[in-house]
Amino acid sequence: MNQRRLALILSCIVSLTATAHPQNFSLSIMPVFSVHLGHMGEHLYTKSSAVENPQTSYLQWEVLPLCTAGLDANINLFGAELGVRFSLGFPKSNIGSMYDSDWFSNTFTKQSFSVSKEILTEAYHTDATLGYSFALPKGASIKPFAGFSYHFINISAPAGGSGTQDPNRTDSNVIAYDSPEAESFTTAQIDYWRESIFVWIGGSLCTKLTPTLKLSLTLALSPFSSVLSSDHHYNNGGNYFNDKPFGFFCAAYSDVRARLILNEHIGLELGIKVTVLSTVYGKTYTAKTAGYLGKEESNSYAGASQHDASVSFGVAFTF
């Protein structure tokens with residue numbers, strides 16, 4: 001009886017391994033270049049329940065575009081696949097504008113608005129996935145996976161900007177920023193950095209359209225997303241405004257890739273990826289120095305959001 005059970009278990013293991021992937025081992029290394037388009041949202045809300053509009057401030061940091069270069073590595077062993085990608089942004093490049101909106105009276109009337117040009121100081125992305133491929137009919141395969149991402153970006157608006165605002169923003173007469181009664185003003189330098197952490201669960205479907213063209217579709221959802229950011233206003237007492245929002249099932253991405261197989265070892269890959277982080281919420285702090293979280297604000301809380309679309313091109317070398 002024990003021998004029969006053992007034989008059945010071994011048979012299942014062999015069958016699972018055989019259907020998982022036709023090759024026992026493969027390694028793919030791909031230098032990749034990507035162009036990202038989108039924006040990051042930095043939100044501030046009041047905790048007061050007696051106001052019309054709880055959002056008191058919104059800064060939209062554009063990424064138009066962020067260019068990165070890096071390396072994508074994929075290891076396949078008996079159907080188990082480990083994928084790792086690391087990429088760096090090109091520093092000192094102009095990546096768009098920062099739009100700063102304020103609602104001083106907590107109504108839905110925007111009373112201040114300014115625009116500043118952005119310069120990228122630093123950016124790097126690290127992504128990893130671990131999954132298992134199962135063979136499907138006609139050369140297709142499906143791979144459930146778990147993953148992790150750590151993204152960091154540092155942006156500066158070194159020349160400041162300009163805008164318009166309600167000249168008497170503390171009185172009861174609410175004036176919109178685009179009203180003829182609004183006054184012009186200039187802003188000083190603003191720096192912003194953000195680190196984002198995502199945990200992913202998802203699946204990939206891969207198929208060969210022709211013997212030389214492979215197409216894959218990946219969909220993923222984040223059970224947990226966390227953002228830590230710091231906003232340094234040079235003309236607001238030099239304060240650092242630090243936010244720690246997080247959320248559950250608030251982020252997702254889709255990734256479509258097409259690989260043209262030139263020969264057994266070389267292929268060209270084109271990818272399109274869209275990532276969305278809906279607004280997550282958390283505590284906000286104020287500090288006088290960098291690197292210090294500071295004092296928690298008792299009357300306010302923070303939010304963070306993101307929309308990112310990227311196009312990537314790489315040359316894959318498979319061994």
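K283 is where I would like to start: in this predicted model, K283 has a relative accessibility of 44%, so the residue counts as partly exposed, given that the buried class ends under 20% and the exposed class begins over 50%. K283 forms a salt bridge with E296, and the closest N and O atoms of the two are 3.8 Å apart. The pair links distant parts of the chain, since K283 sits in strand β14 whereas E296 sits in strand β15, which covers residues 295-296, and the two residues are 13 apart. E296 is likewise partly exposed, with a relative accessible area of 34%.

Let me turn to another pair that involves strand β14. The side chains of R259 and E269 meet in a salt bridge, with 2.9 Å from N to O. R259 lies in strand β13, residues 251-261, and E269 lies in strand β14, residues 266-287, so this pair ties together parts that are ten residues apart in sequence. Here both partners, R259 and E269, are buried.

Then there is the bridge between D255 and R257, whose side chains meet at 3.2 Å, again counted from N to O. In this pair D255 is buried, with a relative accessible area of 8%, while R257 is partly exposed, at 23%.

How do these bridges fit together? D255, R257, R259 and E269 belong, along with D72 and R85, to a network of residues linked by salt bridges. For the structure as a whole, the count of salt bridges is seven, and among them are the three pairs I have described, K283 with E296, R259 with E269, and D255 with R257.

How values were computed
Residues are numbered from 1 along each chain as its sequence is written. This is a predicted model: local features need pLDDT of at least 70, side-chain atom pairs count only at pLDDT 80 or more; totals for chains, interfaces and linings use all residues. Side-chain values use heavy atoms; hydrogens and water are left out. A salt bridge is a side-chain nitrogen of Lys or Arg within 4 Å of a carboxyl oxygen of Asp or Glu. Buried means under 20% relative accessible area, exposed over 50%, partly exposed in between (1.4 Å probe, protein chains only). Helices (H or I, at least four residues) and strands (E, at least two) are DSSP runs, numbered from the N terminus.
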